[in-house]
Every structure is written in structure tokens, then in C-alpha cells.
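Subject: Handover of a structure

Dear colleague,

Please find the structure below, together with its sequence. My notes on what was found in it follow.

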Amino acid sequence: MATHARGLTGAGTTTPAPTTTAGDTGGTGGTGGTGDAQAAVRVRNLHRSFNKAGGVLNGLDLDIAPGEFVALIGRSGSGKSTLLRALAGLDRDVAGHGQITVPESVSVVFQDSRLLPWRRVLDNVVLGLKVKVAAERGTQALAEVGLAGREKAWPYELSGGEQQRASLARSLVREPQLLLADEPFGALDALTRIKMHVLLRRLCEVHRPAVLLVTHDVDEAIVLADRVIMLDDGVVRTDVRIDLESRSQADPRFAELRSFLLAELGVNEETLPGQRIAS
Ligand SMILES: Nc1ncnc2c1ncn2[C@@H]1O[C@H](COP(=O)(O)OP(=O)(O)OP(=O)(O)O)[C@@H](O)[C@H]1O
């Protein structure tokens, strides 16, 4: 897998990010570092701060293997989005240094779909895609996410869940080696979330990108990920492999993992209302 060079797609942007291979990146951003043929993502000694004491990321190290699905949890304000934005190259004005290596092709999905309202769904999906068969690939991607026949719809004609499906199609049509997702299902109702979980898992099995998913939802993390990591004090404090045979919440091991992760987050399970368990 090619690393060092980085292209940024998704989120309505198609401009390739500049390539930096220097070991240390300053506040002007850029990523790079020592290559590791085995890793899709390699982060070393990453620091980021926003003019406040303590910093947000304080020497963070992280590796993600090709095709590996990593869920990132942590209390509110612990720096999850800051890390994701650093990997996406979206933090050029942030003070910091450290080494980041990401694949050439990176897609980003956010909580809101960021579809351009003045473009039809298919146009949104293939925006900036410079291949002759863009429309064909976009149509295929829409079919993959369950939106066959909606190519000519306007974004406002889609439900929230459908808009997120279109956003996933826009990311996957670029066949990214790394998919960065910042609470992509956070605004969806419970049933739609479950459907999106099934969809995302299936898409990842087919396309095999490395994934970093930011989520507040511990159950979502366990259902989707190969590994769950937790940020605390600006570093990865907890790193758990999800070694479940099935992802059924009825599996006692699922409950064990949930309890462990909630305890790591400092959440008392017994005081939580309802079924959905979020940090
Ligand atoms: N552009 C910015 N300017 C100033 N401070 C910022 C900026 N972005 C993030 N921060 C601060 O950095 C810290 C980490 O923010 P970040 O959004 O990464 O946390 P998070 O873990 O994603 O939080 P949440 O779970 O609430 O979304 C917070 O204290 C936040 O206020």
C-alpha cells in the first residue's frame, strides 16, 4: 500500500491535500513520517493544542492495519475529532507536531451528509471524480447503499438516513484505503442506525478500507469494530480487540466488553436509562 502521499476526498472536497514526508509537522499541518508497509495509518508522538494548558493530543501513537476497523471512543472533549481531523489533514491552523502517515486515498464522512443542496444526488456522489466512468461508478455506489433509482433526486428529497447513505456512496466511490468517519450516525434514529450499521459492515467487508470511526456509542463501537480504542489525556489509554464470534448484544461477552469500556469511560452502567449506551 502506498503511504506518505495523501489525497483527501469526501465531505464535498476533492482537492488533493499537499504531501509532506517530513518527520515532524508543525502548526501548519501536513502529514508524513516513516513508512510502514504493514500499517495503513501510523501516528507517532502526535501533539495538538488550541492555546490551552495541557494540550488536546499529548504524544499520541496509533497504528491501524490495512482493512482494519477501529472505533475511537472517549469522553466529550477528549480529542477524538481533533485526531480525525489531523489524519484527514484538516487541521492546518492548529498548533502541534508529530508524525502521521496515511494512505494516498482518504475519504471522510461527518455527522451531517454535507451534500451540496444545488446538485442532484448522483452529481454529489461523483463530484470531482475524474474518471470516464464516473456516472456508472456513482450509480453502482448508490445501488450498493440502497439508493438505486434516486440518482436524480435532490438532497432535500432524501431522509436523514438516505442522505448519510449518499454520503457513504460518495466516499466509497473513490475506493479509499482509509475511511475516516466522525459520528456518521449520530443524528439518526435508532432503527436507521441499526440499518446503517449493517450497511457499513457489509460495505467494509466488500471494499476493505481501513476505518477510524469516532463514536459516543459503546454498543456501536462493539458491533462494528475490530478494535476499540479510547482517548484519555491526549493519548490512547485503552486498546481492546473485539474478538466476538457474533455481534449479538445477547452474547454475554458483548455485555462484558460493554461493561469494561463503560468503566474505562468512567460511566456507571446502572445509572444509564434506556438501551442505547453512549459515553
Ligand atoms: N478549533 C478549535 N479551537 C479551539 N478549541 C478547539 C477547537 N477544536 C477543538 N477544540 C477543543 O479541543 C478539545 C477537543 O475537542 P474535540 O472536538 O477533538 O473533542 P471530541 O472528543 O471530539 O469531543 P466530542 O465528543 O464532544 O465531540 C475540546 O476542549 C475543544 O474545545
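How many helices and strands does the secondary structure of the chain come to? There are seven helices and 10 strands. Please bear in mind that this is a predicted model.

**The chain overall**

The chain has 279 residues, and 43% of them are buried. Taking the contacts between residues at least 6 apart in sequence, 71% join residues that are at least 24 apart.

**The ligand**

The ligand is surrounded by F50, V56, G74, S76, G77, S78, G79, K80, S81 and T82. Sorted by class, this shell comprises two nonpolar, seven polar and one charged residues.

**The nonpolar core**

The largest nonpolar core holds 66 residues. Within this core, the members that touch the most others are V41, L72, L87, A169 and L180. For L180, once neighbours within four places in sequence are set aside, the contacts are L84, L87, A88, V106, V108 and L212. L87 therefore appears both in that contact list and among the core members with the most such neighbours.

**Helix 7**

Helix 7 covers residues 252–264, which is 13 residues. At 1.5 Å a residue its expected span is 18 Å, and its end C-alpha atoms are 18 Å apart, so the two values agree. After this helix comes G266, which has a positive phi near 80 degrees.

L257 lies in helix 7. This residue counts as buried because it has 21 C-beta neighbours inside 10 Å, where 20 or more are required. Apart from neighbours within four places in sequence, L257 is in contact with I222, V240 and I242. V94, by comparison, is 163 residues from L257 in sequence, and their C-alpha atoms are 35 Å apart in space.

**Two loop residues with positive phi**

R114 is not a glycine, yet its phi is positive, near 55 degrees. It is found in the loop between strand 6 (105–109) and helix 2 (121–126). With 17 other C-beta atoms within 10 Å, R114 is partly exposed.

E175, also not a glycine, has a positive phi of about 45 degrees. Its place is in the loop that runs between helix 4 (160–172) and strand 7 (178–182). E175 counts as partly exposed because it has 14 C-beta neighbours inside 10 Å, a count that falls between the limits of 12 or fewer for exposed and 20 or more for buried.

With kind regards

How values were computed. Residues numbered from 1 in each chain as written. Predicted model: local features only at pLDDT ≥ 70, side-chain atom pairs only at ≥ 80, totals over all residues. Near = placed C-beta within 6 Å. Nonpolar A, V, L, I, M, F, W, Y, C, P; charged D, E, K, R; others polar. Core = buried A, V, L, I, M, F, W, Y, C linked by C-beta atoms within 7 Å. Contact = placed C-beta atoms within 7 Å. Helix = DSSP H or I, 4+ residues; strand = E, 2+ residues; numbered from the N terminus. Expected span 1.5 Å × (residues − 1).
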